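Here are my notes on the model you sent, set out as numbered points. Please read them with the structure open beside you.

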Amino acid sequence: MALLVIVALGVLAVDQIAKYLVVTHLPLNQFVPVLGDLVQFFYVTNSGAAFSIGSAYTWIFSVLAVAVLVFIVWFARRIRSVGWAVVFGLLLGGVLGNLTDRLFREPGFGIGHVVDFVKIPLLPAIFNLADVAICAAMVLFLIQTIRGIGLDGRKTVRETDPAPESAAEPFVISPSDKSDTTEADTTGRD
């Protein structure tokens with residue numbers, strides 16, 4: 001549980017510091033090359049979800065974020081694995097980062113716009129570090145799930161169906177079957 005909290009607070013701090021620097025030092029809606037054309041900063045505010053979907057329903061995203069936050073806090077007591085603590089810490093930190101924007105940025109409480117600023121031309125979205133943490137959490141979630149790692153850190157072993165009895169035992173002719181075939185064979189010859 002401590003690792004989950006440390007990861008979440010680390011993600012929240014890095015996200016909010018980055019957003020503060022963006023808001024105070026970057027011009028709105030202008031490209032700033034970071035690594036040439038590979039990575040650019042493009043400061044925008046987003047009232048919706050990914051790709052600005054649902055921009056008229058900002059308050060719904062705030063309510064959903066609070067619900068996810070409550071679920072993670074409630075669920076965290078079950079986590080005994082370092083990997084799962086990192087997964088849920090990244091998710092919690094990312095949710096907190098974007099929720100902080102929605103609660104405390106303009107135009108008002110619960111309907112604030114999220115600060116997005118990372119633009120990679122190969123991707124269709126402009127995003128922030130909270131979004132990166134959420135996506136990283138989902139990748140790690142898939143890895144943990146595919147590997148079969150439980151919340152307690154133990155690898156779950158899938159039980160396979162036992163083979164049918166007929167396939168497990170080799171075909172053997174019983175002595176009574178043998179004598180019948182032998183007599184039939186010997187009486188028919190000569």
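1. In this predicted model, one aromatic cluster is formed by Phe71, Trp74, Phe75, Trp84, Phe88 and Phe141. The structure holds nine aromatic pairs, and two of them are described in the points that follow, each with the burial of its partners.

2. Phenylalanine 41 and phenylalanine 117 make an aromatic pair of the edge-to-face kind, with 5.5 Å from centre to centre and 75 degrees between the planes. Because phenylalanine 41 belongs to strand β2 and phenylalanine 117 to strand β3 (residues 114–119), this pair ties together parts that are 76 residues apart in sequence. Phenylalanine 117 is buried, at 3% relative accessibility, whereas phenylalanine 41 is partly exposed, with a relative accessible area of 26%.

3. Within the cluster named above, what is the geometry of the pair made by tryptophan 84 and phenylalanine 141? The ring centres of tryptophan 84 and phenylalanine 141 are 5.5 Å apart and the planes stand at 75 degrees, so the pair is edge-to-face. Tryptophan 84 comes from helix α3 (residues 82–104) and phenylalanine 141 from helix α4 (residues 129–147), so that parts 57 residues apart in sequence are tied together by the pair. Tryptophan 84 counts as buried, because its relative accessible area of 6% falls under the 20% limit for that class, while phenylalanine 141, at 35% relative accessibility, is partly exposed.

4. As to the charged side chains, the count comes to four salt bridges. Lysine 19 forms one of them with aspartate 15, and the closest N and O atoms are 2.9 Å apart. Lysine 19 and aspartate 15 are four residues apart in helix α1 (residues 2–25), and therefore about one helical turn separates them. Is this charged pair buried or exposed? Lysine 19 is buried, with a relative accessible area of 0%, and aspartate 15 is likewise buried, at 0% relative accessibility.

5. Another salt bridge joins the side chains of aspartate 101 and arginine 105, at 3.0 Å from N to O. Aspartate 101 is buried at 1% relative accessibility, whereas arginine 105 is partly exposed, its relative accessible area being 21%.

6. Aspartate 152 and arginine 154 form a further salt bridge, in which the closest N and O atoms are 3.9 Å apart; this value may be read against the 4 Å cut-off for a salt bridge. Aspartate 152 is partly exposed, with a relative accessible area of 38%, and arginine 154 is exposed, with 61%. Asp15, Lys19, Asp101 and Arg105, for their part, are joined into one network by salt bridges that share partners.

7. On the surface, a nonpolar patch is formed by Tyr57, Trp59, Val63 and Ile111, which together have about 430 Å² of accessible area. Tyrosine 57 sits in the loop between β2 (40–46) and α2 (58–75), and this tyrosine 57 is partly exposed, with a relative accessible area of 49%.

8. For the chain as a whole, there are six helices and four strands, and from the N terminus on the elements run α-β-β-α-α-β-β-α-α-α. Of the 190 residues, 34% count as buried, and the accessible surface comes to about 12500 Å², with 68% of that belonging to carbon and sulfur atoms. Among contacts between residues at least 6 apart in sequence, 64% join residues at least 24 apart.

Key
Residues numbered from 1 in each chain as written. Predicted model: local features only at pLDDT ≥ 70, side-chain atom pairs only at ≥ 80, totals over all residues. Heavy atoms only, no water. Patch = residues over 30% accessible without salt bridge, like charges linked within 9 Å, V, L, I, M, F, W, Y side chains within 5 Å. Areas by Shrake-Rupley, 256 points an atom, 1.4 Å probe, with all protein chains shown as cover. Helix = DSSP H or I, 4+ residues; strand = E, 2+ residues; numbered from the N terminus. Buried < 20%, exposed > 50% of the residue type's maximum accessible area, 1.4 Å probe, protein only. Phe/Tyr/Trp six-rings, centres within 6.5 Å; stacked < 30°, edge-to-face > 60°. Contact = heavy atoms within 4.5 Å.
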